[in-house]
Amino acid sequence: TAGSASTAQLDVAGSVPTNYVGSTTVGLNQPYAVAVSGRYAYVTSFNNASLVIYDISNPANSVEVSTASTGLVNPRSISINGRYAYIADSGNNSLVIYDIGNPASPTKVSSISSPLNGPTGVTVSGRYAYVTSYNTNALVIFDISNPANPTLAGSVNTAMNGPVYVTIVGHYAYVASATNSSLVIFDISNPAAPTEVASTSVDL
């Protein structure tokens, strides 16, 4: 099985709250990941095969705005870039792209599968989407300059065993590799030929 609840994703920006403010379970069944952009929270609901969008302008009273399920089976990680949501779906081995320009009516724009198998994590930086492919121990890079027609840019599969999440800083990709308990770092200056820089399993 690709990933587990223990490796789910939470993206937080700004100050971390110190007191309980509110919560919601509306529309959710095993939520796996959340990304926040503006006044909206975008949550992948793994067992519902859906993307659920909430208006969080009042954090004490989150309101469900919409739910979308087209093209989703077991959605895991999500990354927001502009008016698009990028979802790694391990159930259909795809990167699924949604137009969220109207949060009340998100629409599927496209998807791409090859060469993914068990995608778990996705992070978007610039014109590229970086996806961890758990079952092939790979980091796969897609050119998303045209969200309606994503294309494969490159991939690398060294030093990883069960990669579950990736984050990008500058021209480096940092990958959490679960099965071999490692942090693996890649130079992605050339997305067509990413190269391993270092890896460590110290205290992991």
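**Exercise 1.** Find which residue of β3 stands opposite valine 34, and work out how β2 and β3 are arranged.

*Solution.* Valine 34 faces valine 43 in β3. This is a predicted model, in which local features need pLDDT of at least 70 and side-chain atom pairs count only at pLDDT 80 or more, while totals for chains, interfaces and linings use all residues. Residues are numbered from 1 along each chain as its sequence is written, and side-chain values use heavy atoms, with hydrogens and water left out.

Next, take the strands, which are DSSP runs (E, at least two residues) numbered from the N terminus. Strand β2, residues 31-37, pairs with β3 in the antiparallel sense over six bridges, where pairing requires that DSSP finds at least two bridges between two strands. The two strands form a hairpin with two residues between them, and glycine 38 in the turn has a positive phi of about 60°.

**Exercise 2.** Determine which strand pairs with β3 in addition to β2, and what lies between the two strands.

*Solution.* Strand β4, residues 50-55, pairs with β3 in the antiparallel sense over six bridges. Within this pairing, tyrosine 40 stands opposite aspartate 55 of β4. The hairpin of β3 and β4 has four residues between its strands, and here alanine 49 takes a positive phi near 50°.

**Exercise 3.** Explain why β3 is described as largely enclosed by the rest of the structure.

*Solution.* Begin with the general pattern: in a regular strand the side chains alternate between the two faces of the sheet. In β3, Tyr40, Tyr42 and Thr44 lie on one side and Ala41, Val43 and Ser45 on the other, and all of these are buried; buried means under 20% relative accessible area, with exposed over 50% and partly exposed in between (1.4 Å probe, protein chains only). Because six of the six residues in β3 (residues 40-45) are buried, the strand is largely enclosed by the rest of the structure.

**Exercise 4.** Decide whether serine 50 is buried or exposed, and then describe the surroundings of serine 133.

*Solution.* Serine 50, found in strand β4, has 2% relative accessibility and therefore counts as buried. Leaving out residues up to four places away in sequence, serine 50 touches several residues, including Val43, Thr44 and Ser45, where contact means heavy atoms within 4.5 Å.

Serine 133 belongs to strand β11 (residues 128-133) and, at 0% relative accessibility, also counts as buried. Apart from neighbours within four places in sequence, serine 133 is in contact with residues among them Pro115, Asn117 and Pro163.
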